[in-house]
Amino acid sequence: MVTASSLTVRAAVPARGFDVDLEVGPGEVVAVLGPNGAGKSTLLSVLSGLLRPDSGRIVLDGRTLTDTDAGVSVPAHRRSVAMLAQQPLLFPHLAAAANVAFAPRAAGLGRRASREAAHTWLEAVDALDLARRRPHQLSGGQAQRVAVARALAADPRVLLLDEPLAALDVSAAPAVRALLRDVLRSGERIAFVVTHDVLDALALADRAVVIEAGHIAEAGTVRDVLSRPRSDFAARIAGLNLLAGEVVRGGAGRGEGLTSADGVFVHGVVDAHCGAGDPGVAVFAPHAVAVYTSAPEGSPRNVFEVTVRELEARGSVVLVTGAVGATTVAAEITAGSAADLDLVPGARVHFVVKATEVAVHARK
Ligand SMILES: Nc1ncnc2c1ncn2[C@@H]1O[C@H](COP(=O)(O)OP(=O)(O)OP(=O)(O)O)[C@@H](O)[C@H]1O
């Protein structure tokens, strides 16, 4: 009988600027987001036992895996933590079934029980027909399926997925994503999914943590983090524009919104939970930004005069970026209007956003 796990993690690795404190409830799947070099892999390494933090404590289901004060560091293969990397990393000289059986063997299960576990898990990932094949006889998607079976065969309480779909081509990724969704939805184990892909975070995870410069910049449900992002990174991957500053509450003829750190006022709809002067963010989608060569009349609108920085074609639309204060803001317009406006980098234009399109939220 499988019971759900819970996990507390406190770990610091000063040489990497890494200092993280995190609690995960039973069966939760956590998307780990953040820019390159932020510390996502470091988090997985300390969880898996590959890296000892300089200070910290990791407790899984009441069992201490790491405790630097008490000198506890359970070795990787005894932690009930399994890792699925970007590359399947199968043993090239072993058939798929033996690769899968290796994990329970290494965790101390007998030969026969390990073989049975391998059979069960290969079947579960719909790869039983591949059991006798060697890794070089498998496609990327098939090999990743076998690697999923191997990760699960040791019956880990925590599964670490390090960009599990990144190395797969676009035709193989959806099936493996669906497989992982089934595996992770069971709620039987905690999982961490490092990803740069919003789709994966939405598809696979309940919660998201954003790591920036070794620290947790924000945490919450995936939907909240992506739809009401408080950190630059989350806003960027969600494709939204974000200006950080102080909340301004309306009243007595004054507009409400946010004053950015560099003094730009943004009219917006302020979340009911925000107080005047609170640290906040103004968030709006690129498609809500219209581009004009001369300032249009009328309110309630935000009109920002910007210098076009870049034009990037994305299918039938063009993403136009420019600086509002110190923040890069993107406007998404049709290719036709980009041509009509004669947009080139360096051109002076007006970005116009209706106040009703701007959401202002509190930020931690
Ligand atoms: N083996 C190592 N020795 C020393 N420093 C390291 C080592 N690996 C990573 N770092 C440093 O630790 C910090 C965090 O790196 P980490 O690999 O955890 O980031 P990441 O978020 O996984 O990045 P990416 O998205 O590029 O994989 C970075 O400053 C990195 O340079």
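# Close-up views of a predicted two-domain model

**Figure 1. The whole chain is built from nine helices and 22 strands.** This is a predicted model. The C-alpha atoms fill a box of roughly 80 × 50 × 35 Å, taken along the principal axes. The protein has 364 residues, and 43% of them count as buried. Now take the contacts between residues at least 6 apart in sequence. Of these, 65% join residues at least 24 apart.

**Figure 2. The protein is divided into two parts, domain 1 and domain 2.** Domain 1 covers residues 7-227. Domain 2 covers residues 239-362. How many Å separate their centres? The separation is 39 Å, taken over C-alpha atoms.

**Figure 3. Nine residues surround the ligand: Arg16, Gly34, Asn36, Gly37, Ala38, Gly39, Lys40, Ser41 and Thr42.** Sort this shell by residue class. Six residues are polar, two are charged and one is nonpolar. Arg16 and Lys40 are in the shell, and both count as charged. Ala38 is also around the ligand.

**Figure 4. Strand E10 is largely enclosed by the rest of the structure.** E10 spans residues 207-212. Why is E10 described as largely enclosed? The reason is that five of its six residues are buried. E10 also has paired strands to look for. Strand E3, residues 29-33, pairs with E10 in the parallel sense over four bridges. Within this pairing, Leu33 has Val210 of E10 as its bridge partner. Strand E11 pairs with E10 too, in the antiparallel sense over six bridges. Here Val209 stands opposite Ala219 of E11. One general point helps when you look along any strand. In a regular strand, side chains alternate between the two faces of the sheet.

**Figure 5. A hairpin joins E10 to E11.** Two residues lie between the strands. Which residue in the turn has a positive phi? It is Ala213, with a phi of about 50 degrees. Ala213 is not a glycine, and its phi is still positive. The residue sits in the loop between E10 (207-212) and E11 (215-221). Is Ala213 buried or partly exposed? Ala213 is partly exposed, because 13 other C-beta atoms lie within 10 Å.

**Figure 6. Asp342 is another residue other than glycine with a positive phi.** Its phi is near 60 degrees. Find Asp342 in the loop between helix H9 (335-340) and strand E21 (348-354). Is Asp342 buried or exposed? Asp342 is exposed, because it has 8 other C-beta atoms within 10 Å. The cut-off for an exposed residue is 12 or fewer.

**Figure 7. Six strands form an open sheet with mixed pairing.** Read the strands across the sheet in this order: E14-E13-E12-E16-E22-E15. Which strands are at the edges? They are E14 (265-267) and E15 (269-270), and each pairs on one side only.

**Figure 8. Strands E12 and E16 pair in the antiparallel sense.** E12 runs over residues 241-248. E16 runs over residues 279-284. Six bridges link the two strands. One bridge can be followed residue by residue. Leu242 has Val283 of E16 as its bridge partner. In the order of the open sheet, E12 and E16 stand next to each other.

Methods:
Residues numbered from 1 in each chain as written. Predicted model: local features only at pLDDT ≥ 70, side-chain atom pairs only at ≥ 80, totals over all residues. Pairing = 2+ DSSP bridges. Buried ≥ 20, exposed ≤ 12 C-beta atoms within 10 Å, placed from the backbone. Contact = placed C-beta atoms within 7 Å. Near = placed C-beta within 6 Å. Domains from an automatic or database assignment.
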